[in-house]
Amino acid sequence: MNIILLGPPGAGKGTQAGRLVSERAMVQLSTGDMLRAAVKSGSPVGLRAKAVMEAGELVSDSIVSALIGERLDAGGTDAGVIFDGFPRTAPQAEALDLLLAERGRSLDYVVELEVDEAALTERVVGRFTCARCGEGYHDVFKRPVKAGVCDVCGSTEFKRRPDDNADTVATRMAEYRAKTAPILPIYEARGLVYRVNGMADIEEVAGAIGIILDKGGALDAF
Ligand code: AMP
């Protein structure tokens with residue numbers, strides 16, 4: 001099964017993809033994670049992407065499409081793939097169709113996480129993760145039980161994404177509205193789109209996505 005999780009920054013795509021990975025052995029393909037790894041490693045792609053990402057703008061279609069193709073060819077994706085943060089533009093959507101078709105695969109569902117944009121900035125600006133195990137936290141909504149200590153692994157080191165600040169988030173939202181939201185009609189015309197209320201709590205959203213995946217998308221979960 002190959003699915004796309006679509007929604008603006010902070011909609012919960014990464015969180016829900018993580019759930020699907022642990023519950024269904026699917027593989028999460030996050031172009032944001034791939035690009036952050038490239039930036040960290042100082043690779044040529046990373047060097048080109050760094051400033052663009054810090055500004056909240058979009059990295060070129062050819063770079064991200066190539067990253068996805070390479071990952072699909074690396075194998076281990078037979079149980080299914082969750083595309084998280086890709087595609088983000090119409091050319092990327094076209095590239096994805098081609099990448100999948102060339103590998104004898106196709107898209108099963110596009111799950112749109114519907115959210116209240118006004119609430120998203122607060123969500124994104126307050127988030128941080130454990131530097132060791134990656135568990136996600138939030139200054140207001142989900143603080144570690146013991147201040148400064150990760151609930152999951154006990155680490156005392158946390159990190160924040162450099163692009164999770166109010167200015168950059170505004171640009172990322174604008175990019176979503178201008179370039180990503182317009183790809184939804186392409187998938188709607190193919191009957192692939194299912195909507196989930198992304199403002200519900202994490203468990204409810206996960207349950208709603210589960211229903212879509214299990215019931216063959218027979219009903220809109222909310
Ligand atoms: P994300 O982790 O999905 O929020 O992505 C973080 C940043 O990486 C974005 O703001 C973009 O600068 C870049 N990025 C991630 N995925 C893509 C994509 N599919 N196309 C273009 N830029 C991307």
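A polar contact is a pair of N or O atoms within 3.5 Å. In the predicted model examined here, a contact of this kind joins arginine 88 to the ligand, since a polar side-chain atom of arginine 88 lies 2.9 Å from a nitrogen atom of the ligand. Threonine 31 also takes part, with an N or O atom of its side chain placed 2.8 Å from a nitrogen atom of the ligand, whereas glutamate 57 contributes a polar backbone atom, which is 2.5 Å from an oxygen atom of the ligand. Around the ligand there are 16 residues, of which Thr31, Arg36, Glu57, Gly85 and Gln92 come nearest.

Two packed helices are described by the angle between their axes and the distance between the axes. For helix H2 (residues 31–41) and helix H4 (residues 61–73), the axes come within 10 Å and cross at roughly 100°; because angles of 65 to 115 degrees count as roughly perpendicular, H2 is roughly perpendicular to H4. The contact is formed by Thr31, Met34 and Leu35 from H2 together with Ile63, Val64, Leu67, Ile68 and Arg71 from H4, and by class it comprises six nonpolar, one polar and one charged residues.

Most residues other than glycine have a negative phi, and most peptide bonds are trans. Alanine 25, in the loop between helix H1 (13–24) and strand S2 (27–30), has a positive phi, near 55°, and this alanine 25 is exposed, with a relative accessible area of 51%. The peptide bond from phenylalanine 86 to proline 87 is cis, its omega being near 0°, and proline 87 is placed in the loop between strand S3 (81–84) and helix H5 (90–102).

How values were computed. Residues are numbered from 1 along each chain as its sequence is written. This is a predicted model: local features need pLDDT of at least 70, side-chain atom pairs count only at pLDDT 80 or more; totals for chains, interfaces and linings use all residues. Side-chain values use heavy atoms; hydrogens and water are left out. Axes are lines fitted to C-alpha atoms, for helices over the stretch in contact, and angles run from 0 to 180 degrees between N-to-C directions. Helices (H or I, at least four residues) and strands (E, at least two) are DSSP runs, numbered from the N terminus. Angles under 35 degrees count as roughly parallel, over 145 as roughly antiparallel, 65 to 115 as roughly perpendicular and the rest as oblique. Contact means heavy atoms within 4.5 Å. Ala, Val, Leu, Ile, Met, Phe, Trp, Tyr, Cys and Pro count as nonpolar, Asp, Glu, Lys and Arg as charged, and the others, Gly among them, as polar. Buried means under 20% relative accessible area, exposed over 50%, partly exposed in between (1.4 Å probe, protein chains only). A residue is near a molecule or strand if one of its heavy atoms lies within 4 Å of it. A polar contact is a pair of N or O atoms within 3.5 Å; within protein, one must be able to donate a hydrogen and the other to accept it, and residues adjacent in sequence count only if both atoms are side-chain atoms.
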